[in-house]
Amino acid sequence: LLQKYNYSDDVIFGTTVSARSANIKNIEEMLGLFINTVPLRVRTGPGEEIGALVTRTAETLQKRQEFEGTGLTDIKKYLGWNTGDELFDSIVVIESYPLDLQWEKWDCGLTLGSYEMVENTHYDLTVGISIRDEIETVFIYRSGIFAPGSIRRLAGHFRSIIEAALSCPTVKAADIEIITPAEKKKLLYDFNDTEAVYPADKTCCDLFQEQVLIGPDLVAVSGVGQGTGI
């Protein structure tokens, strides 16, 4: 999705990972989220199929696991990133810990009626993916940068990419269309529906003469630039 929006085969975004797998003494007895956000760079090769891209990205994530506890400050230092700019402005958060299902398993005499979470990040765009019986995707964005309509279209494009990848893993990543059927209809047909009622018994000269009589002092034709002679 980022590649399509940025017209680039090389993009980078943040991914939030759990650091509880880190080799820290007595970590299982500590309270806290223990999460870290690290960059993920995705480069699509010329003519690469979407299925191959997904497989290669999964292999990259496996190789990255031993470094997922590295802080962004250290990563910037290793890269020689001396500016104050962020490495990325969008992140993906995958939540695979179904809290409501875990409560059902605990026989501790405590009943949970309901719970509510408020999520917020300092990044321009956050894509939250919850994996339960179904997969739910939530887009959290900065209203000063994105309009609600733009996010709705972006979400539709994200879904189009996923559906294309699932239906045909051998399709080239560059050939995937992100526009939805409704957008395609609007672009190809609605915007080009310029049919209008036209007086077939009159010529263009007749219509021009009528307009002159209606507004003789109005500008008829104007030109921009030098040497137009108008």
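A residue is called buried here when its relative accessible area is under 20%, exposed when that area is over 50%, and partly exposed in between. The structure described in this report is a predicted model, and the burial classes are applied to it throughout the paragraphs that follow.

**Helix α2 and its two sides**

Helix α2 has 15 residues, and the distance from its first C-alpha to its last is 21 Å, which is close to the 21 Å expected at 1.5 Å a residue. Within α2, the residues Ile-50, Leu-53, Thr-57 and Arg-64 are buried. These four lie on the same side of α2, because they cover an arc of only 55° around the axis. The elements that cover the buried residues of α2 include β1, β2 and α5, whereas the face turned away from the buried side carries Gln-62 and Lys-63, which are exposed.

**The nonpolar cores**

Which residues make up the largest nonpolar core? This core has eleven residues, namely Val-11, Phe-13, Leu-40, Val-42, Ile-50, Leu-53, Ile-161, Ala-164, Ala-173, Ile-176 and Ile-178. The elements that contribute two or more residues to this core are β1 (10-18), β2 (35-43), α2 (50-64) and α5 (148-167). Apart from this core lies another one, of eight residues, among them Phe-88, Ile-91, Val-93 and Tyr-123.

One member of the eleven-residue core can be followed through its contacts: when neighbours within four places in sequence are left aside, Ile-161 is in contact with Leu-1, Ile-176 and Ile-178.

**A buried glutamate in a loop**

Glu-68 lies in the loop between α2 and α3. With a relative accessibility of 14%, Glu-68 counts as buried, since the limit for that class is under 20%. Not counting residues up to four places away in sequence, Glu-68 touches Val-17, Asn-36, Val-38 and Leu-61.

**Salt bridges**

How many salt bridges does a search of the whole structure find? The search finds nine, and the table sets out some of them, with the distance between N and O atoms for each pair.

| Pair | N to O distance |
|---|---|
| Arg-56 and Glu-48 | 2.9 Å |
| Lys-77 and Asp-74 | 4.0 Å |
| Asp-190 and Lys-185 | 3.1 Å |

The partners can also be described by their accessibility. In the first row of the table, Arg-56 is partly exposed, with a relative accessible area of 34%, whereas Glu-48, at 15% relative accessibility, counts as buried. In the second row, Lys-77 is exposed at 57%, while Asp-74 is partly exposed at 31%. Lys-77 and Asp-74 both belong to helix α3 (residues 72-79), where they are three residues apart, about one turn of the helix. In the third row, Asp-190 counts as partly exposed at 37% relative accessibility, and Lys-185 likewise counts as partly exposed, at 45%.

**Cysteines without a disulfide**

A search of the whole structure finds zero disulfides. The closest cysteine sulfur to that of Cys-204 belongs to Cys-205 and is 7.0 Å away, which is too far for a bond, because a disulfide needs the two sulfur atoms to be within 2.5 Å. Cys-205 is likewise in no disulfide, the nearest cysteine sulfur being that of Cys-204. As for their surroundings, Cys-204 counts as exposed at 61% relative accessibility, and Cys-205 counts as exposed at 63%.

Note on methods:
Residues are numbered from 1 along each chain as its sequence is written. This is a predicted model: local features need pLDDT of at least 70, side-chain atom pairs count only at pLDDT 80 or more; totals for chains, interfaces and linings use all residues. Side-chain values use heavy atoms; hydrogens and water are left out. A salt bridge is a side-chain nitrogen of Lys or Arg within 4 Å of a carboxyl oxygen of Asp or Glu. Buried means under 20% relative accessible area, exposed over 50%, partly exposed in between (1.4 Å probe, protein chains only). A nonpolar core is a set of buried Ala, Val, Leu, Ile, Met, Phe, Trp, Tyr and Cys residues joined through side-chain atoms within 4.5 Å. Contact means heavy atoms within 4.5 Å. The expected span of a helix is 1.5 Å times one less than its number of residues. The arc is that of the directions from the helix axis to the C-beta atoms.
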